Structures are given as C-alpha cells and as structure tokens.
Amino acid sequence: METKENQKLKILRKYLPLVVVIAVVAIFFAVFMINNNKRVVRQNSEFVAETTKQTASRIGSELTSAATSLMNVSRLCKPDVDNDGYPEDLKLINSVIFENIDYVSIEGVQYRYNKETKEETSFSILTAGENGGEPTYFTEGKLGKTGVYTAISDDVIRTSRVLNVYTPVYKKETGLQDEVAGVIIGRFPESKLLEFITQSFFGQPSAVYLYSLNLTGDNDNRQIDDIMLLLGSDENDEAQTEKVSLFENFTEEQAAQLKSDLQGIFDRRNESRDGLMYSFGANSTAYFSFVPNDHNEHPWLVLQTFPASVTAEMTKEVNMEGLQLGLGLILALALYIFFLLAFGYLERKKIVDENIDKTHVVNALTRLYDRFVYVNLDRNVYRYVAETVPEDADFAVEGEYGQFIKSVTDSCKDDYDKDLLGEKLKPEQLRGDLKQTEDLRYKYRSSQRGGDKPKWEEMTVICLSRDGDGNAEEVLFARQNISDIKEQELHNQGVLKEALRAAEDANRAKSDFLSNMSHDIRTPMNAVIGFSTLLEKSYDKPEKVLEYSRKINSSGQHLLGIINDILDMSKIESGKITLNLSDFKLSELIDEISSIVLPQVKAKKQQFRLHTYDLHHEEYLGDKLRLTQILNNILSNAVKYTPEGGAIDFTIRSEKKSGNIEDLAFVVKDNGIGMSADFLKVIYEPFERASDKYTASVQGTGLGMAITKNLIDLMGGTIDVKSKPGEGTCFTVHIQLRPVEHVDDGQFWKDYNIKRTLVVDDEKDVCKNVTELLKYATLEADYCTDGKSALEAVKKSVKAGTPYDIVLIDLKMPDMDGVETARLLRGVLGEKASLFILTAYDWEYIEEEAERAGIDAFMSKPFFISAFKQTISRIRSRVSEDGAKGGAGNPIYGMLFLVAEDNEINSEIISELLAVSGATCDIASDGEQAVEMFSSSPAGKYDMILMDVQMPVMDGNAAAKAIRALPREDAKTILIAAMTANAFADDKKRAIEAGMNAHIAKPVSLDVLKATVASLKENKEN
Amino acid sequence: MTVRQLYDKVGGDYENTLARFLTEERMVRFALKFPADQSYALLKNSLESGDMKEAFRGAHTLKGVCQNLGFTALYEPAHRVTEDLRAGNQVKEEDLRELEERYKELLDALRAFGESNA
C-alpha cells in the first residue's frame, strides 16, 4: 500500500512541474489575450476617436465652407424686395456646392427655382402655432444668423432628408449688414450628406451617426434636452423619416449617464476637442464628437463606431500570433525539456550503468573479501561498508577505531598474530607503514565461531586518501578468507615432504639393498673361502675333502643365484632383456619345475600337489626358460615362506581364447605365513623384502618378485596375488600362448602295434582329459572310474577279441588301488598288454611291488602324449631288443649324448637308434654349435659326445679341441667319439690328437657304439 | 614290393642295414627320406660352379648317407668322386655319369616303392 502511495507521489512529483508550467502558460496566455483584446480595443478606440474627430471636423468644415459659400452668394444676391419672386441675381449664380438655393422672402414665402426648367415655385413657410409660426432657420436668418438645419425633402419623387444651410440676404440699397431682405437656403443633397458620414475601417463599413442636440436654457447655461438622429450611415429609408433617440434602447440610468457625459463634453466643447468614448459590449467601441460649427443652432454630434468584426478579427489575429508565439514558446520549452530529460536520462543511464558495474565489482569483491571496513584515522572511527557486517552480530557496525582493532586481535587464534596485529593496526603505525606503500597485508589464523577448524584470513589495508603531508587519512580494511589457498599451500608442503620422504626411502632401500647384498654375497663367499682353506688343510682326508667341496659347491651355486638375479634385474631395468621364443613341451616345463621344487618341498616335509585342468595341447610357442624362471620363483617363495609340513598347490589350467591362442593360468597356493596388505603393495618393487622374525632367516635378494613381474609383463601376461598374514598366499599368473599343433599321423602307434587304450582313475575329469588326449592322438580310448569296472571292461574286450593294448591306471583310488587293479588286469590281459601307473606321487617306495604286480611303467601326472610315447618306446625297446635294458649288456642305456652331425637323415637315424637302446641325444648341426651347446650345459649333463668329423663351419676335430679347451671341469673328462666313414689310420690319429677318446666308423651301428662305450667306460674306471 | 625287393633293385645292402635298423619299418621310413636330401644337388651345383670345396662336402655327405642307408650301388661312385675331390683330383666323367644314373634309378625306385605302399 505504501509503495502504491509512494508511486502515486512519485508520478505526481514527476508531472506536477509540467502541470504548473502548463497552467502558468495558460494563465499568461489568457492574460495576454485579455490584454491583447484590451489593447486592440484601446487602439481601435483611439483610432475611432481620432477618425470621429476628423469626421466631425470634416463635417464641420464642410458646413463652414457651405455657410461661407452661401454667405458669398448672399453678398452677391441683392433681391428686389419690391418684386416678389425668386431673385434674378440668384438665378445667375451657379453653386457647385448646393443642389439648389431657395429664397425665402421676408414675408415667409419660400421660392424655388429650377434651373433646368426655369420654373419658379413658391410656398409659404409660415404655419400657425409652431415656434411663433416661423421655422427656426427663418427666425435665425432674419436675425442675420447663418446656420444649418435638416429637413425632409419635399421632392415629389422621394422623400429624403436634406441638409440645408441658411443665411440672410440683404437689401440692395442698404448695403452690407443693413436690412435683411430675406433668407437664402442652400440645400445639400442627401448624397452629399452621406458622403460626410460614410466611413470605412479596413474595408469594413463603419457606422456613423449624426445627431442633433436639442438644447434648453439660455445661452450661458444650455442643457441637452434631447438627442436626435439626423443621419445614419446604415439607416434605412424609413428610419430617416423619424428622429431616433439615442437613448431609446437604454435604461433610464444609462440614458441619464450618457446624457450627463455628453453634457460634460458639450460644456467643454469650445475648450477641448475631446469627445466621449463609448463601448458597446466587449469588442465594439464608439466615439462621440461634436461637430465644430458656429452657425448651427443645434449642435451636432457625430457617433462613429469601430466595426466589432474588425476588432474581433484583429484580436483574433493578434491572439493567433500570440497563440503561435505561445505555442512556439511551449514547443521550444518542450524541446528544451525533452533535451534536458534526454540528456538527463543518458546521464542517469550512464551513471546507472557505472553503478551496475561498480555493484558487480563490489559484489565480486565481497565474495572475495568477507568484510570491508572503512577507517578514518584522523577521526579515529571505523565503519563496515559495502553491505558487509561484522562477524560478531553484537559488534557495532561503526564506532571507535580502537574497538575495531580489539575485535580483530580478539579473533586471532595465535598469540603471535594477536600481538603483531595489535601493534601493526595502531593508527600511528599504519600511517608510518602506509607512507611507503599503498597497501599492507597481514595473514593470520582466526578462531572460527562455533567451528572447530580455524580459518586463515588475510587483512588487506588500502590507503584511500592522504593529508597534505602524505600521511594516510582514510583507509579501507578488506578481510579475505584464504583458508583454501593456505590449505593448498600446506598440502603442497606436505606433498613435497612426502616426495622427499619417498626419495629418501628409495635411497634408503637401495642403501639397504647394497648392505644386504654385501651381506648376502659375503656370506656364501666367506663359506667358499673358509671351506677352501679347510680343504687345503684336509687334502689327505677324502671324506673331509668331499664334504668341503660339496659345501663350496653349494655356496658357489647360491652365490651364482644371487649374481644371476642381480644381473637379470639390471637387464630388466635397462630394458635389455628379450624373449627367446621356441616350441616347448608343457610336460618338460612341468618336469623341470618339479625337479627343482620337489627336493625343496621334500626337505621341508611339505605337501606338493599338482593339478591340471583342460589341457588340450602339450606344445606351445613361448620362452620356456623364462616361464620356468617365473614359476620357479613363485614356487620357491611358496616353499620358503611356508613352514614345515605346509601344503603347496600348483594348478595349471588352460582356456581357449580367440583364434588359436590359449590362456594358461598357473596358480600357486600355499598355506604359509602370508603377507601383510602393506607388503602386497610393494611386493613387485625391487629390493623389497618382507621383514619380520620369520623372513629374517630366509635368504634372498628381494629381486625375485620384481624379476617375475617384469618377465610376466614382458610376456604380456598378468600376475595377481591374494594373501593374508598367517593364512597363506595365492599367486595367479595368466600367460597367453599359442599352442603348436602336431598332427599325429599315427605312425608311432603302428610301429608299436598299439590301438586300444583304457584309462582308470577315480577322478572323472582326469579320465575325460586323458581319453580326450589319447583320442586326439588317433588312439581308441575308454575310461573307468574304479578298479572293478575296469576289470569288467577288460574282460569284455578280451572276450570280443579286441583286448586293450595299454591300460593307464591311477595309483591312488578308493576301494581298489592302482597296484591291486593292475594285478587283476594282468591276470586277464596276459603279457601282451602294457599296464602303466599314472600318479602324481612318488612311486619309488612301491616300485618293487608294482613290478611284481605286472606294471610295466610309471608315468607322472599330468598326462602328456609325448611322455606317453616316450614311456612306450622305452619299455617296448626294452622288451623287443635283446639286452636293450640297462646293465652290462647295454652300456648306453640312459645316457645322454650330444651328437654333432650336419646331415639331417644321419642325425635322425642316430637319434632313433640311440632311443631304441634307451639313450637320448641332443643334435648339433655343426662343430661350433656342439661347442656352444656343451659349454652352456650344466656340468655332467652330457654323458658323451658323438662327433662327425666332416662338418661345415667347424669340423669335428676343431670342435673337439675347442671343447677340451673350455675352462670347466668336465671339458677334459667328457667322452668324445669321432664318427667317420674312413677308417684310415691318419683319420683316427687326427681325432685322437684333437682330444677325442675314440673313433667309430660310419655307418654307426648300435653294437659298435655299445662296444666303444663299454670299452671307454672300462678305461675310465681303470 | 617288399623292402628286400627294393634293396635288391637299387643294389642296396639289405642284411646289414636291417641289422643296424632292427626293423624294416625303420629302414623304409629313413629310406624314403633320402629323396629330400640335398647332398646330391650340392655336389652337382658346386661342380658346375667350380666350388670344389663345397662339391667335396656334398659328395662326402652323399656318400655318408648312402652308407648309412645301405645304398651300396650309389655309395660306390659317390665314394670315388669324394676321394677324387679330397685329393684335389679331376673328377672322372664316368664316375659322375654312373653317379647320376644310379641316383636317378634309386629315386625312381623309391618313388615307385612309396606309391605302391601308400
């Protein structure tokens, strides 16, 4: 409501000046119009007065002139009184003024002469009863007076008013002024009269009236009795006939007033020519003026009017001009006001815009700064400005400056800030500080009201104005919350500290590593040196020698392991390690790993279980060496960190991926000491080892897992670890490998006459897996999950005449174990079939029993076709060939040969012949390769080298020499036999000279080879 | 065709070869690998290009393989050529011709045997 009122007021305030201006202008204009009117009327009055005077004067002079003229006529005319009739003299006079001149004889007979017709008429003017019977002019004329009178014309044609001038004529004899003979009357025609009074103003005819006054009283005191209209310019004919009283339309008072006014003028008519101004209505003015005339008995009065229409027109014109002027003025004023308003608007808009900008700036600033406080140092006051209020609601918005300082220092959390600000904000101090600079900044920590966290604030003091001496007079305090910035700053400091700590940690880790390394390296080194010293002293005690040298060897091996790790790590760190891809058999990988892990497991009396699932292939393309390294590392750790009697599960599972890639998962799970979550974070970092009581006793470089992780990365695989302290650890490694497809042509089975197989295992998965592999290898395969059903199946097959050729039996089965099952099956199958035990466990302890039960061979799980074939060829050649079994008859049984032979057919033949005799071989395709293979093999790997002599790159003799020159113990002792087609003596001699032990003639036959080996062995023993 | 018939046909040493190889199957398996052996080609090409060292190696290997497989008929000229080359002598034309003839005979026989036993 109030706002509505306000609005109304506002509108009123806005328009009031305009209304006032318009009212003033209107009033002025009205006054102007009235004045105009008055002025025009006045001017016109003056004008009409003057004109009336002139008209009166003209009438007067005309009359005077007429009178003079008639008097001249009178002088010329000497009527003969004796003779009646129109005087002759008069007939001769031709007056231009008068229409005609009548003669009235003294007797009162008026004569009239018509010049054109020359007729004389006469009539008596004397009537009884009227003014003594005589007309006034006759009476006056007889008295010698000259005058004027009006009369009604007695023309026959029309009755009209005529103006007559009369003057006496005198008798001839008596001369001048002598005796009146009669009166002559000069008659003006009406037209002449009208001429007198016709007047026009600005083209508009003006009404002019000629009045004659009837006077009473004597000459000295004559009173106007009546005013009679003689002639009016606008009179109609009828009106002319009557005397028209001027006062007829007036009230009595008006008439009396007019009469008295006219009387006044009349009385002064000889002293002044003043007339009487007379108004009719608003616009019409009229003027009375006496006609100056001495000859007139009745004084004449001329009334002339100014035309109202002209006055109105003039007034209108002037008013129009005034209006135009006024409008022009208003327009000019309006324009002026408009421009004023426009400029005012623009000015205001500019100010408003600026204000908006300023408001924005202020708003923005208030967002940045919480508080603005204006301080006048001279007056020692403060005031919160820019719509900011004190944080403390009780604190006054303005007051004494000292109070403000106190409020600031009170808000400080730290005493240091309190003291500092208390000092710095003092007026004298501020003045001094602000002398050099425009602003000051203070950072401090304020305790937040109600909040638990203090906030950082920055107080900026800006100098607003200075006095004449340059001392700060007015200042602005702007307070800003800089907690975020400060926190960021503190955070950054923290990050830097953290980074520094990390760098120090890394450095320390390296230092620790170095010191550990020094310790780890020094320990076996000390052992080597210590035992070699002991060895030296105990050279004569063979058992001691054996013991010490074994210890030296073991320490050396350990040292070598450490150094290999360090070298591997440095290779990995410098990115120099590469994968060496080749086809490898999974069975070999597992064999190798098992051969390394099993002794460790045994030593710690742990359980080691190997599980395989869904293995479809046994040969893959990959880096077997590195894969072995990875799995060995993980398994060794599992063994190391699992207490005695613990269990380690090693699971291999394969999953087909897109294309012909398989994902091989290797899972190593133990129930050992486990690892803490903290250690899991750094498990793959180099030089990190879990450190506690238990691990302190475990040797290691701390590089194993780092190497493992890097190798897995290199292979594009993943490693995942789950562990809990005290519960155990589970490592899962995923590696994607491409299987190598070997199409089994079935030749092997044909060679050994094998067609039908049976698998007996209580685990159905194993049965399925093995039969699948067998079928894939073109064999027929069935399976049973227990001994009894196996027996049934075998019986059935024998009955059908298609007995199984080989039966694979799991060692550990419920109800009936593998050995018992084998015994029963052997009874049914007879000697023809082969019975294999398939087991994941050590079989040494039951070997004898198994042999008695008729078991031909043991195979370790997991089942692989390659291992299966190997086993078959081993037992079958043993069976089929005389003396192929080990012992005196077959000295090469179980031997591993290194065969250097460049021709493929020859090398294939020799390797197969060796296999037939239970020996195996590696093939080198030239001498150089043979040297390389030997030098990189572990000590004692090869039992003998068969060296072709004629070979490209490096021949057999050179190769033998090179091998003998190798800096290793067995280089001197390894048996080397030359193979040559020429049994020439110098060939043999050259071979022996090259360091070879024997010479075998080509083509190599098993008999010769066996004989040679036997003799060489004999020589060696001797 | 039996293995013995094959060996008789190409002038091979059936008895001794079987003694070393133990089974006929093995004999045949290796015999059938002979056509793929590149020794003869090495000899021929090296002789043509005049590389006597490589020609010797080719001849020597050919001789060795023939000996190993018991192909005596081919072994003989191969042996003579090898010895000539080892001694740095000019290889005899008739030896080369014989070598070539026997080599072709052997290959034909092996092919025929392979086809008949396929």
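This passage describes selected features of chains A and B in a predicted model.

Chain B is built from helices. Its secondary structure comes to seven helices and zero strands. Along the sequence, the pattern reads α-α-α-α-α-α-α. The chain has 118 residues, and 48% of them are buried. Contacts between residues at least 6 apart in sequence were also examined in chain B. Of these, 60% join residues at least 24 apart. The surface was examined as well. Chain B exposes about 5800 Å². Carbon and sulfur atoms supply 49% of that area.

Helix H1 of chain B spans residues 3-10. Its buried residues are B:Val3, B:Leu6, B:Tyr7 and B:Val10. These four lie on the same side of H1(B), because they cover an arc of only 95 degrees around the axis. B:Asp8 and B:Lys9 sit on the other side of H1(B), and both are exposed. The helix therefore has a side with buried residues and another side with exposed ones. Several helices of chain B help to cover the buried residues of H1(B). Among them are helix H2 (14-21) and helix H3 (24-31). Helix H5 (52-69), helix H6 (72-87) and helix H7 (93-116) also take part in this cover. Just after H1(B) comes B:Gly11. This glycine takes a positive phi of about 70 degrees.

In chain A, one feature is a nonpolar surface patch of about 770 Å². Its leucines are A:Leu331, A:Leu335 and A:Leu346. A:Phe338, A:Phe339 and A:Phe343 belong to the patch too, as does A:Tyr345. A:Leu335 lies in helix H7 of chain A, which covers residues 308-368. The relative accessible area of A:Leu335 is 43%. This residue counts as partly exposed, because its value falls between the 20% limit for buried and the 50% limit for exposed.

A:Arg58 belongs to another helix of chain A, namely H1 (residues 2-76). Its relative accessibility is 31%, so A:Arg58 is also partly exposed. A:Arg58 can be compared with A:Val291 in sequence and in space. The two are 233 residues apart in sequence. In space, the C-alpha to C-alpha distance between A:Arg58 and A:Val291 is 8.3 Å.

Notes
Residues numbered from 1 in each chain as written. Chains lettered and ligands numbered in written order. Predicted model: local features only at pLDDT ≥ 70, side-chain atom pairs only at ≥ 80, totals over all residues. Heavy atoms only, no water. Patch = residues over 30% accessible without salt bridge, like charges linked within 9 Å, V, L, I, M, F, W, Y side chains within 5 Å. Areas by Shrake-Rupley, 256 points an atom, 1.4 Å probe, with all protein chains shown as cover. Salt bridge = Lys/Arg side-chain N within 4 Å of Asp/Glu carboxyl O. Helix = DSSP H or I, 4+ residues; strand = E, 2+ residues; numbered from the N terminus. Buried < 20%, exposed > 50% of the residue type's maximum accessible area, 1.4 Å probe, protein only. Arc of directions from axis to C-beta. Contact = heavy atoms within 4.5 Å.
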